[in-house]
Structures are given as C-alpha cells and as structure tokens.
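Colleague: I have a few questions about this model. Can we go through it piece by piece?

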Amino acid sequence: MNELAEWVVTVFSQAPDDVVFLYSAVPVSFWGIFWPPYRHRIVNTLHSLHGGDADAVAIRRSRLATQLKALDFTNEEELWKAGLLVHALGDSFAHTYVKNGEVHAFNELYGHAFATLSGKDPDVINDDNMSRYRDYLFALYASLDRESSDSALRRQTFEKWACELEGGPSSIGREKLQKQERELVDVLPFSVFNDFLTTMAVTLENPPTPNEVQVAQQVYSAGTSSRICTARLQ
Ligand SMILES: [Zn+2]
C-alpha cells in the first residue's frame, strides 16, 4: 500500500467514531430508533456491537478479516471500504468482555455504555485492554498483508513492534485526521455508504457452518498474540 492509500484507509477507519451524526454508535443508537435497520447497520455491523457468544465473536472477527483480505488496495475505489472494515475489525476485539471465563460481545441495545460509565472504557488502549488490542493488531496485520518477497522480514519486524508495544496516546495528529475525515466523508455519497453496510451485514450474519466456527476459534480466540509473543521470547 502506498502512503496516500494508507492515509485514506486510516481516515476512514477513524471516521466511524468521529463523523458523529451519521456514523457513530452513540448518536445513531438514539436517533436510529426512528430507522431501526440503519441503527442495526451502524451499531451492530460497523461498531461490532452484536451481543454474540464466544463462537459468534470468533466468526465476526474471521469474516471481517476475510472481507478485508479480499480487497484490492491498488484500487482507489476500495480504500474507504478498507477503512470501514478496519474499524469494524477493531471493534470486534475492543467491544468484547469476559464473563465466567467466556468471551462475549457487548450488545446492540446498550453497547458498552455501562462498562464506560463504570470506568472500564473498552475503547481506550490501556493495560486492561492491551491483550485484546494486541490480538487485534495481529488480525489486522494478517488481513492487510499482501504476499511479497520481503513478507517474512516485514512480519518479523511487525511482531517485534507489536509484542513490545505499550498502551498510551496515539501519535497521529488528531486535528489533521478529523479535518481530512470531514473532507473525505463528504465525497462518499450516503447511499453508497449505506449500501456497502447492507452488504457487509448480510455477509456477517449468514449462519456459520460448524467447521467455520472451529477454524475461526483457532485463529481468533483470546490470547493468540500472547502465545506468539511468548514463543518469540523462547
Ligand atoms: Zn466503533
């Protein structure tokens, strides 16, 4: 991916949390009660608040990663889609919690409002959320990586960086990003955005086969990254 493409993907991956009225989970969860299918597409599809159990969480991650992997990054038309899928993939890790040893996704009705109010905001990259964030980075890397002669070397560099990463504020200039979000999002017609989310929702909600669940659990269960990082140290 060239630098410009990276920037467009970055902008669209952050836009769902910043383009407040149309894209963000909290405002749409309120006004969307007047348009329930759209509320579903924003809250459940784009922000991965699907309320599923551990199998559903693994399937959601796996299908988002597969959709991302299928995109052609040399096609400028696809880049905004990549950004939205990156956002949904990130949220499919962030918007989960563990209860009685089982992973669950926060649900479509309340999202993570109660967790955030009790001081455990799942969207913050801190020590509490670091293992889920690291699992996400590994899934993201795999779905963005395209085979090339230096793949193995790049993978090693990435693993070292991801395994040593600590939580903290983002280094990307927030103001510049938000300005670009407004400009780029204005160019994307609402109907095209809405159609894409509709297609995404259908793909994500098809009933899984038992084999698909098993494979997804192997790749996307909690702690995948910590196993890789521990192995690196030995
Ligand atoms: Zn989100």
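Colleague: How many residues does helix 6 have, and how far does it reach from its first C-alpha to its last?

Modeller: This is a predicted model, to begin with. Helix 6 covers residues 79-94, which is 16 residues, and spans 23 Å between its first and last C-alpha. The expected figure at 1.5 Å a residue is 22 Å, so the two are close.

Colleague: Is helix 6 enclosed or not, and how many of its residues are buried?

Modeller: Helix 6 is largely enclosed by the rest of the structure, because 16 of its 16 residues are buried.

Colleague: Changing topic. How do strand 1 and strand 2 run, and how many bridges join them?

Modeller: They run antiparallel, with four bridges between strand 1 (residues 96-99) and strand 2 (residues 102-105). Tyr 97 is opposite His 104 of strand 2. The two strands form a hairpin, with two residues between them. In the turn, Asn 100 has a positive phi of about 50°.

Colleague: Which side chains of strand 2 point to which face?

Modeller: They alternate. Val 103 and Ala 105 are buried and point to one face, whereas Glu 102 and His 104 point to the other and are not buried.

Colleague: And at what angle do helix 1 and helix 10 pack?

Modeller: About 90°, with the axes of helix 1 (residues 3-18) and helix 10 (residues 174-187) 9 Å apart. That makes helix 1 roughly perpendicular to helix 10.

Colleague: Which residues make the contact?

Modeller: Among them are Val 8, Val 11 and Phe 12 of helix 1, and Leu 177, Leu 184 and Val 185 of helix 10. By class, the contact has seven nonpolar, three polar and two charged residues.

Note on methods:
Residues numbered from 1 in each chain as written. Predicted model: local features only at pLDDT ≥ 70, side-chain atom pairs only at ≥ 80, totals over all residues. Pairing = 2+ DSSP bridges. Buried ≥ 20, exposed ≤ 12 C-beta atoms within 10 Å, placed from the backbone. Axes fitted to C-alpha atoms, helices over the stretch in contact; angles between N-to-C directions. Parallel < 35°, antiparallel > 145°, perpendicular 65-115°, else oblique. Contact = placed C-beta atoms within 7 Å. Nonpolar A, V, L, I, M, F, W, Y, C, P; charged D, E, K, R; others polar.
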